Amino acid sequence: MRYAETGFNLEIDLSRGSIEREATDPKDTELYLGGLGTNAKILWDRVPPETKPFDPENLLIFGSGLLCGTPATGCNRTIVSTISPQTLFMAFSMMGGFWAPELKYAGYDKVILRGKSPNLVYLWINNDKVEIRDASHLKGKGAGETAELIKKELKEPKAQVVSIGLAGENRVYFASIEQGRSSASRGGLGAVMGDKGVKAIAVRGTKDINIARPEEYMDLCKEVLEYIKFRNDNPIPGVMPILAGLGSPQEMKVHDEKWHTENFMWGNSRTRRKDFWNKEIAEEWMKTLDSMRRRLISCYNCPMTCGATIQPPGLPTYMMKCFTKLTYTMAAMSDLEFGLGIAQSATEYGVDGFSAPQVMAFALELYDAGILTDKDFPGMPADNEGRFYWLLDRIVRREGIGDVLANGTYWAARQIGNGAEKYAHNNIKKHEQLPLKLSMLNPIYFLMYCTGEKINITQIEGQFPQAPFLTREEREAFVKDWFQVPDDKFKQIFLDWEPRGEKSMPFYPNVQMCCDIVDWQERMHYIDDALGMCAGLSSFPLKPPYHIHNYPKFISSGAGIDMDEAKLTQAAKRYRTLVRAINIRRGMRRKDEKPPEDHWKKRFPELEKELMDTYYKFKGWNEQGIPTKEYLLEMGLDFVYEDFVKRGILTDNGDPSSKGTPPEKDKE
Amino acid sequence: MEILPPKVLRRKKIRNKAEGVINVKAEKKKKTVKVININADKCNGCRACEMICSAFHAAPKYSSNNPARSRIRIIREPLRDIYVPVYAGEHAVAECAGRDKYTIDGKEYEECAFCRASCPSRSDFKEPDSGLPLKCDMCEGEEMPLCVKWCTVDALTYEEREDEAAEEEKPEDIEIGLESLANKYGLQKIMDAVARLSQKG
Ligand code: SF4
Ligand code: SF4
Ligand code: SF4
């Protein structure tokens with residue numbers, strides 16, 4: 001018997017309309033765990049670098065994490081992976097909610113889509129019965145609306161549905177896949193789903209998920225639940241509210257608008273408004289949020305209530321998560337009422353809440369600069385809010401200038417030309433980033449921005465405090481019950497870390513320490529993404545209930561796979577390397593690994609070079625960021641090495657070959 | 001919500017032959033009433049209660065879980081702000097003659113939404129494979145119902161109440177029936193009918 005996982009994937013070929021249920025190899029679970037890990041293995045094996053995002057051969061994989069559907073609190077992530085139309089690299093985005101556990105209860109670990117359906121369809125997975133159904137009547141419908149219509153038409157209110165809106169149907173490069181209170185938004189996954197002609201996937205499952213050693217496993221689960229209660233009662237002193245507790249950033253619960261509006265950038269990530277906040281705004285915004293927010297809601301099997309249902313006046317109710325609360329508001333230089341209102345349309349259209357507002361602000365900046373002119377915006381209203389609604393409509397329909405903007409700022413700027421490139425200034429690897437512009441280089445964040453392959457800072461940071469605490473006493477108090485550290489050296493680094501003076505940024509933590517910290521943080525995210533754990537209970541917050549010391553026990557007693565810290569670390573390194581290998585094979589090199597030019601005002605080129613050199617080496621990559629022969633063999637990734645040699649990325653003796661760095665234009 | 005375990009409902013009957021009538025007398029006895037308070041306003045729809053209920057009732061305990069086997073069910077419709085935990089009660093052999101359908105605060109609920117019965121008319125509160133009825137047993141053997149324990153947001157809370165005063169023992173159904181027949185036809189007619197029936201054997 002297979003434990004925790006079901007041992008079956010659903011393989012759906014949309015071109016042929018075929019559906020197969022395929023047994024998976026337990027050996028792969030041991031090597032790559034599940035979720036992101038096994039997704040990466042499948043993409044490596046089956047999607048060669050010649051395959052373009054919108055080729056029928058590209059796969060769109062919905063993978064549940066290894067422990068999803070078990071009693072482990074907060075383990076509910078669906079990891080969606082494909083080749084991104086925007087970055088042209090591997091995209092993987094996680095969504096919470098209820099879909100992954102439901103898929104497990106239906107008897108599958110993953111749904112793998114290939115090919116393209118000639119007409120718009122949706123999938124209905126009801127335990128053993130799987131159908132491809134006509135969705136022509138759902139064309140153009142909102143993502144949430146689609147989910148409701150499907151549940152009604154199937155007469156199955158308990159079905160869980162992932163769906164795309166108009167943006168996905170029209171292959172907008174930053175289209176999301178929505179699922180009630182959650183979404184897989186980054187990297188344009190919705191565009192690939194739309195390209196495959198799949199409007200939605202509905203799932204209902206009523207089968208058991210088995211646990212290898214039930215008593216042991218339940219004891220671990222109870223411990224976690226107790227610790228969550230303890231952490232809820234004992235927020236971490238001295239850090240801002242959204243970092244003090246557990247959960248995804250508690251944007252719906254906590255009134256933290258002052259901090260975000262004064263520290264993040266407005267418009268096209270340009271203007272910092274340090275004195276924005278005042279009593280009037282505080283009162284007005286508080287009233288807005290409190291009057292529109294109907295209820296705080298959770299994902300499957302989790303008490304943390306990180307999302308909310310929002311009902312803007314005169315508009316349907318929708319579900320909001322995280323920082324989308326403010327991205328539209330700030331991009332449009334408007335207020336919260338506008339932000340929560342337009343987010344309703346944006347969620348139904350299905351666009352990424354980070355990219356979409358920035359793309360629109362970028363367009364208006366080009367207009368102000370005269371690079372785009374009135375003839376690009378026929379009929380656009382004069383008021384700022386009206387313009388945002390107008391632009392959003394054009395983008396998701398790919399009409400006029402919207403067709404260009406729908407490719408994101410990087411590609412749009414190249415298409416527009418005429419100096420537009422320098423307005424697409426907030427991207428990493430062609431992907432829009434959080435609107436943050438800061439004064440002095442932070443070496444830890446520098447490494448994370450450069451080398452993170454999820455290309456989103458919130459998906460690599462966490463665990464280690466973002467800033468030093470002021471006094472030694474505060475630091476001592478913090479490290480006292482900091483048992484989550486993989487090694488006590490992290491406590492020492494933190495104890496010695498001062499806000500000013502010799503042991504302060506950017507030279508302390510020193511280069512080696514930065515490597516250790518970044519590696520630890522990244523490792524925890526990669527483990528979460530394979531197990532299906534919410535980062536909000538693990539890799540993201542300080543002092544989380546899940547950590548490197550109890551995860552191996554969860555895997556051993558839950559999935560029945562012998563696991564210890566070393567073996568788990570090794571597995572995480574293995575599929576992390578595989579993600580990199582996929583991207584290397586697609587041309588990613590050191591030149592792609594850099595933060596937005598203007599992210600920090602004060603830069604330290606020598607230090608930055610040393611950081612990158614040291615970190616690459618530390619990770620087992622050569623100076624171009626390519627995993628070395630020795631490292632690949634050590635990870636048991638011989639097949640990657642062989643492929644690299646065949647493609648001329650590495651030579652027979654493991655050196656980087658001259659063909660190793662393709663010129664930029666080849667990639668585009 | 002109150003769930004009365006069957007044990008507390010059993011009462012002793014005392015017959016007093018001398019008076020020739022059936023006399024029902026209440027017995028003073030302490031009884032524990034187990035109460036799960038449901039505050040639907042606090043429910044966030046996470047279904048942790050469903051998960052743990054199904055895991056607890058797996059055999060062996062916790063060896064598997066499957067919310068479809070749970071004895072508690074969350075009616076969850078976020079867009080209409082509906083979150084109602086409902087517990088599985090008695091099994092109904094036949095479905096009701098009619099249906100009920102509630103509207104509360106302008107929100108329409110599905111037919112039979114709040115009914116606790118596992119009933120031929122629907123699939124709720126039945127084992128998904130065998131179709132056997134499910135019924136909440138208050139997690140027999142545990143100090144506290146597990147759904148309550150896992151609902152850390154206090155949508156479900158638990159209390160045990162000691163009830164001192166036993167209620168007046170009520171006449172049984174058959175007595176009520178006979179009494180009404182006697183009122184209608186006269187006692188003699190009823191006795192004749194009983195005699196006729198008993199002769200037929
Ligand atoms: S912590 Fe928040 S985002 Fe994470 S699973 Fe729980 S409710 Fe969902
Ligand atoms: S555990 Fe509590 S909050 Fe969660 S669904 Fe059940 S009753 Fe609602
Ligand atoms: S009290 Fe126990 S048996 Fe009843 S619904 Fe709750 S968990 Fe299930």
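This report walks through selected features of a predicted model, from chain make-up to hairpins, salt bridges and ligand surroundings.

## Chain B at a glance

Let us start with the overall build of chain B. Its secondary structure comes to 5 helices and 8 strands, and reading from the N terminus the order is β-α-β-α-β-β-β-β-β-α-β-α-α. Of the 201 residues in chain B, 37% are buried.

## A hairpin in chain B

Strand 4 of chain B covers residues 72-77, and 5 of its 6 residues are buried. Its partner is strand 5 of chain B, residues 82-87, and the two pair in the antiparallel sense over 6 bridges. To find your way along this pairing, look for Arg73(B), which stands opposite Val86(B) in strand 5 of chain B.

The two strands form a hairpin with 4 residues between them. In the turn, Asp81(B) has a positive phi of about 55°. Keep Asp81(B) in mind, as this residue returns in the section on contacts between chains.

## A hairpin in chain A

Chain A offers a hairpin of its own. Here strand 4 of chain A (residues 78-83) is joined to strand 5 of chain A by 6 bridges, and the strands run antiparallel. Ile79(A) stands opposite Met94(A) in strand 5 of chain A. There are 6 residues between the strands of this hairpin, and Leu88(A) takes a positive phi near 65°.

Strand 5 of chain A spans residues 90-95, and 6 of its 6 residues are buried. Both of its faces are covered. On one side sit Met90(A), Phe92(A) and Met94(A), and on the other Ala91(A), Ser93(A) and Met95(A). Met94(A), the residue opposite Ile79(A), thus belongs to the face that also carries Met90(A) and Phe92(A).

## A salt bridge between the chains

Which residue of chain A forms a salt bridge with Asp81(B)? The partner is Arg295(A), with the closest N and O atoms 2.8 Å apart. The pair crosses between chains, from the loop between strand 4 and strand 5 of chain B to strand 14 (residues 293-297) of chain A.

Are the two partners buried or exposed? Asp81(B) counts as buried because its relative accessibility is 11%, under the cut-off of 20%. Arg295(A) is likewise buried, because its relative accessible area is 11%.

## Salt bridges within the chains

Over all chains, the structure holds 67 salt bridges. One of them joins the side chains of Arg293(A) and Asp290(A), at 2.8 Å from N to O. Asp290(A) counts as partly exposed because its relative accessibility is 36%, a value between the limits of 20% and 50%.

In chain B, Asp124(B) forms a salt bridge with Arg122(B), and their closest N and O atoms are 3.8 Å apart. Both Asp124(B) and Arg122(B) are buried. Chain A also has a network of linked salt bridges, made up of Lys429(A), Glu453(A), Asp519(A), Glu522(A), Arg523(A), Arg576(A), Arg580(A), Glu593(A) and Lys619(A).

## Around the ligands

The residues around ligand 1 come from chain A. Cysteines among them are Cys299(A), Cys302(A), Cys306(A) and Cys534(A). The shell also includes Asn76(A), Arg77(A), Gly247(A), Ser248(A), Ser298(A), Met304(A), Thr305(A) and Leu537(A). By type, the shell divides into 6 nonpolar, 5 polar and 1 charged.

Ligand 3 is surrounded by residues of chain B, including Cys53(B), Cys136(B), Cys139(B) and Cys147(B). His57(B), Arg71(B), Ile72(B), Tyr87(B), Asp137(B), Met138(B) and Pro145(B) are also part of these surroundings. This shell holds 8 nonpolar residues, 1 polar and 2 charged. Two of its members link back to the chain B hairpin: Ile72(B) falls in strand 4 (residues 72-77), and Tyr87(B) falls in strand 5 (residues 82-87).

## A surface patch and a buried phenylalanine

On the surface of chain B, Leu178(B), Leu181(B) and Tyr185(B) form a nonpolar patch, with about 270 Å² of accessible area together. Leu181(B) is found in helix 4 (residues 173-185) of chain B. How accessible is Leu181(B)? With a relative accessible area of 37%, Leu181(B) is partly exposed.

Phe490(A) makes a contrast: this residue lies in helix 19 (residues 489-496) of chain A and counts as buried because its relative accessibility is 4%. The C-alpha atoms of Phe490(A) and Pro49(A) are separated by 39 Å, with the two residues 441 apart along the chain.

Notes
Residues numbered from 1 in each chain as written. Chains lettered and ligands numbered in written order. Predicted model: local features only at pLDDT ≥ 70, side-chain atom pairs only at ≥ 80, totals over all residues. Heavy atoms only, no water. Near = heavy atom within 4 Å. Nonpolar A, V, L, I, M, F, W, Y, C, P; charged D, E, K, R; others polar. Patch = residues over 30% accessible without salt bridge, like charges linked within 9 Å, V, L, I, M, F, W, Y side chains within 5 Å. Areas by Shrake-Rupley, 256 points an atom, 1.4 Å probe, with all protein chains shown as cover. Salt bridge = Lys/Arg side-chain N within 4 Å of Asp/Glu carboxyl O. Buried < 20%, exposed > 50% of the residue type's maximum accessible area, 1.4 Å probe, protein only. Pairing = 2+ DSSP bridges.
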